[in-house]
Amino acid sequence: MAVTVEEVRGVAALARLSFSPADEERLTGELNRILQYMDRLNELDTEGVEPTSHVLPLANAFRPDEVDPSPAVADILAAAPQRQESYFKVPRIID
Amino acid sequence: MRYETVIGMEVHVELQTASKMFCGCAADHFQVEANTHICPVCTAQPGALPVINGRAMELTAMTGLALHCQIRPHNVFARKNYLYPDLPKGYQVSQYELPLCEDGWVEITSEDGPKKIGVERVHLEEDTGKLQHTGRASLIDYNRAGVPLMEIVTDASIRSADEAFDYLNKIRQVVRYLGASSGDMEKGAMRCEANISIRPEGSDEFGTKVEVKNLNSFRAVRNAIAYEVERQQQVIEEGGQVRQVTMGWDEQMGVTREQRSKETSEDYRYFPEPDLLDVHLEVEWINRVGRELPELPADKAARFSEIYGLNQKDIAVLIEDAAVAAYFEEAAQHSGADPKSVANWVTGEIFRRLNDEDVLIADAKVSPAALVELLALVKDGAINQNAAREVFTELWEKGGSPAAIVETKGLKQISDTSELDEAVAKVIEANPDAAEKIKDGNLKTVQFLMGQVMKETRGKANPQLVQELIKKQLRV
Ligand SMILES: [Zn+2]
């Protein structure tokens, strides 16, 4: 499996990123090397093994429904590049 | 040509949990100062890890069970990737391929009687932050980001705006009965989208569907569907083709408008959320949730019909709110209570007051016992209907005992023949014309004289007795 420059451009657009043509080439190469590694993993025989998204033998870690206010509220707001009163402020999204 | 309307609905319901879906922030966000309920998890600080709110899982499973769904023990949270500032992570955690609940149904009322609407799935996700656009900036409040949000998706078996309306009402009733959500559309706790298409009557093929968003009230649901169906018919009749687009309902103008299509295709690149552990619900967990289900609206309606012999219209009003239904039952089960007259008062006078004054039955000063006592006073002839209304007003405003109110206000019905005879004689003497008319056979005029006697006795006369006495004295 391999990705093309067009696919890299598409994924970049979805992430609101844009690259120079040279970077697009370089990233396509890097991504393909990662995919080659996946191809190697795919050579393993996983017949009869349940797919999973992580390796911990744990399930159902539920939290009780209790409010536990964060002590970091002010710090989080202070870290915003821009704010107005207690709002996070970003360039206008729709016109 | 005649057309058939085909509708599928997606309803988002905000769960009434204390805390958010994946963090301990308070879930409350309505009229709360912006960004006061935020933390590293719901603002996507690097390294912060989410943990599932167990209660949100239970409430969603309860809703699924109430909608006759199967609970999927192994359900999976996935990342729905998109970049928009309403969620700071760059993705929304939602359930995609393996939702918590699947394959259920809701019974609604259609033109042809009861009808089942298929519920394809009920899944859990997180709500997004609120955006406000001002001048050249957009302002973001993340208090709502990460609040548990349940999505209920139907199949395409809804056939009219009225059916959609009834479906939505049934869903709201269920989530309210379960205590899963306030179901309050005005406050955004319930939000709705409809997929609408039309096809020639008798056809098996589906037409091109249009998705209508922004349905933020029951009225909007009915009006938007009616409008969109009309619009699609017109397009087809003019020889055109309905295009597959997303529309927004413009409440003020009463029209659907095409929403600007996103520049890039909707490619959400779903994949399992690696920050959460697996969910494998045990049978015990599912059974425990099942035992928590209260009596549901449909079952209550059936029981009210069977036990109390009420008509469908009264039942519909009584069961709308579980607290009202409980109030009715407490009164109806009192010894000596007549369920039908209790129902009349609850659906009549009490409902009018609740609506006019926008109060909850829980805050009513009239206890079910006091209501029953009041009805007994009427039944025994101690007071008449006029006085009963006056006593009720006093009870509603101040509470207390009906008998004591009758006593202090001197509302006891006069059923003493000699006392009433005197009043009747006086009234007849004062109204000779009316008396003549009655003698001539115009019996409607009896009502007029009765009114005069009521005035004379300050509303306390026993009306039946007065009627008899008038007829007796005039020999008709
Ligand atoms: Zn949080």
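**Exercise 1.** Find which residue of strand 13 of chain B stands opposite Asn195(B), then work outwards through the pairing.

*Solution.* Start with the partner: Asn195(B) faces Glu211(B) in strand 13 of chain B. Strands here are DSSP runs of E with at least two residues, helices are runs of H or I with at least four, and both are numbered from the N terminus. Next, take the pair itself: strand 12 and strand 13 (residues 210-215) of chain B are antiparallel, with four bridges. Two strands count as paired if DSSP finds at least two bridges between them. Now go to strand 1 (residues 3-14) of chain B, which runs antiparallel to strand 12 (residues 190-200) of chain B over eleven bridges. There, Glu10(B) has Glu193(B) as its bridge partner.

Keep in mind that this is a predicted model, where local features need pLDDT of at least 70, side-chain atom pairs count only at pLDDT 80 or more, and totals for chains, interfaces and linings use all residues. Residues are numbered from 1 along each chain as its sequence is written, while chains are lettered from A and ligands numbered from 1 in the order in which they are written.

**Exercise 2.** Work out which element gives the largest share of the side of chain B that touches chain A.

*Solution.* First, the contacts: 38 residues of chain B meet 35 of chain A, with contact meaning C-beta atoms, placed from the backbone, within 7 Å. Then the share: strand 10 of chain B gives five residues, the largest contribution. Finally, look across: strand 3 (residues 87-91) of chain A pairs antiparallel with strand 10 of chain B through four bridges, and Lys89(A) is partnered there by Leu139(B).

Note on methods. Two residues are in contact if their C-beta atoms, placed from the backbone, lie within 7 Å.
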